[in-house]
Amino acid sequence: MIPQTTQHEAAMLPEPEEYLSYVDLLELNKSTISLGQAIFSLIKRKKPSFFDRKFWTAEMMEWSMKNPELKLNMFRLVDVLPTLKTNEAITQHLAEYLSPVAKKINPLLNWLIDIDPSSPRATLAGIATRFGVEQMAVQFIAGHDPESALPALRKLRANKLAFTVDLLGEYSLSEKEAVAYVDRYIEALNVFSKFVPYWPEAKPLIKGHRGDSTPVCISVKLTALYSQCGPLNVDRSVRVLSERLGAIVRRAKELNAFVYVDAEDSGNNEIIYKTFARVFGSEEFRDFPYPGIVVQTYSKNAESILDSLIEFSRLRGSPIAVRLVKGAYWDHETISCDQNDWECPLFRIKESSDANYELLSKKLIDHHDLILPAFGSHNVRSLAHACTYAKMKGLQPKDFELQMLFGMADPIAQAFIDEGYLVRQYTPLGEMLPGMGYLIRRLLENTSNESFLRHTFFEDDKIEDLLRQPEMRE
Ligand SMILES: Cc1cc2nc3c(=O)[nH]c(=O)nc-3n(C[C@H](O)[C@H](O)[C@H](O)COP(=O)(O)OP(=O)(O)OC[C@H]3O[C@@H](n4cnc5c(N)ncnc54)[C@H](O)[C@@H]3O)c2cc1C
């Protein structure tokens, strides 16, 4: 289990703010804005394909952003689509989900959607709908299995991007499925290690970068490794997951690959952190280089989790990697809390998650001897702040990395690479059905009123507003 820091120990951990005078803080903000402006001038508002009106998906996003009811029903349709086997079933769902809203928006739109499932037009509509959603999915998913993803991964390296591969799948429903998922990870490691290290593109992207000493890296979603995983079954979940994650890590160690463990919803995170500590604190894996774990800054207890991880790394005696993100389950968790009248463990105001991100970025950088910092975000302000603080503290680009999601923010990734930073892309592989949870989270994220990408590429907000310093508001 991750040792919880006692009050006394927590008081001894350096508070980044204490090390910065008021003048330093002003300088940090000024330099952050100036790096942010440099990034924006490199991007030149070139849009990720997702927001580019040349593409069909951008049209769909635009409709849904303008009409929340359409957005809800469109995403419900996307969610069930992989289970619909016939064109007739697709047209029936298309009409049921979208026709009531389409009528209110535009009669022509309704004419396109409200089709008799037995009519000849139904075949065409079914094919077009499936094709459209598949087109959207391929923007975020690099291949259906490790072999088919090799060309896309090689192209990433050729574009000076490192990668971490995620095999899509969450919440296995049976033990057969969960065990098969472990085997798929081991097989993926076998495939990547057979090919990737021999590509000329696999040579280190930044000399001496600790995170790129091997090009093969995977990210694992633990809840998919055990069908009975859940907050009412903590001890057994940790025991079973430790064995299964251990099997993956054993193979990764033999093949010289890095492993990150993703963070999930708050209910499962206790299990995830305990499993991480049990596996990587064990005799067998104590020296495993830079095992990665995730901290979500939308969570009110993110700082105490990070303190515990810093302490864990100190006790372990060899550094771990921490990917700092804001968190991907905000809608799901806040809605569940409201429905059940539970106290919500997440911030309710977006700016608080951003401010917490900056606070914890400093803490990560201040402990870079114990932690390899990895900043996972597409928000130029959040990333520019981390890079600027790192520079103020004497770190070089080889001492930390930036991480982004495959297909989400390529122009931003390219701009940070041009500024000399290492960017790793989190690259999902898999079929449409297990990929739907992931796809829906990305669609919700990009169309949310609060999304930095939406404000940058869809609303065209002013750069000075996009780079404004966030404040903790709750
Ligand atoms: C490489 C990589 C790996 C990732 N791995 C994980 C992972 O393991 N686990 C995980 O949970 N997420 C993960 N994410 C997703 C991440 O948590 C964010 O959802 C995503 O990156 C959007 O944040 P942003 O900083 O890019 O954008 P921004 O637009 O700046 O921030 C959006 C985020 O702000 C937060 N937010 C939105 N509205 C509110 C509100 N009203 N109040 C408080 N907070 C709000 C949410 O977290 C939302 O995702 C990963 C992201 C990347 C780039």
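The surroundings of the ligand and two residues with unusual backbone geometry are described here for a predicted model.

The shell around the ligand comprises 30 residues, of which Gly327, Ser353, Ser377, Glu445 and Phe452 come nearest. By class, this shell is made up of 13 nonpolar, 9 polar and 8 charged residues. Several secondary-structure elements contribute to the shell, and at least two residues each are supplied by strand E4 (292–296), strand E5 (320–325), helix H15 (350–366) and strand E7 (401–405).

Polar atoms of the protein approach the ligand from both side chains and backbone. A polar side-chain atom of Glu445, a residue already listed among those that come nearest, is placed 2.8 Å from an oxygen atom of the ligand, and a polar side-chain atom of Asn379 likewise lies 2.8 Å from an oxygen atom of the ligand. A polar backbone atom of Ile349, in turn, is found 3.2 Å from a nitrogen atom of the ligand. On its own the ligand has 920 Å² of accessible area, and 94% of this is covered by the protein.

Most residues other than glycine have a negative phi. Tyr290, which is not a glycine, nevertheless has a positive phi of about 45°; this residue is located in the loop between helix H12 (266–280) and E4, and with a relative accessibility of 17% Tyr290 counts as buried. A positive phi, near 60°, is also present at Asp341, again a residue other than glycine. Asp341 belongs to the loop between helix H14 (330–340) and H15, where, with a relative accessible area of 71%, Asp341 is exposed.

Key. Residues numbered from 1 in each chain as written. Predicted model: local features only at pLDDT ≥ 70, side-chain atom pairs only at ≥ 80, totals over all residues. Heavy atoms only, no water. Near = heavy atom within 4 Å. Polar contact = N/O pair within 3.5 Å; in protein donor to acceptor, adjacent residues only side chain to side chain. Areas by Shrake-Rupley, 256 points an atom, 1.4 Å probe, with all protein chains shown as cover. Helix = DSSP H or I, 4+ residues; strand = E, 2+ residues; numbered from the N terminus. Nonpolar A, V, L, I, M, F, W, Y, C, P; charged D, E, K, R; others polar. Buried < 20%, exposed > 50% of the residue type's maximum accessible area, 1.4 Å probe, protein only.
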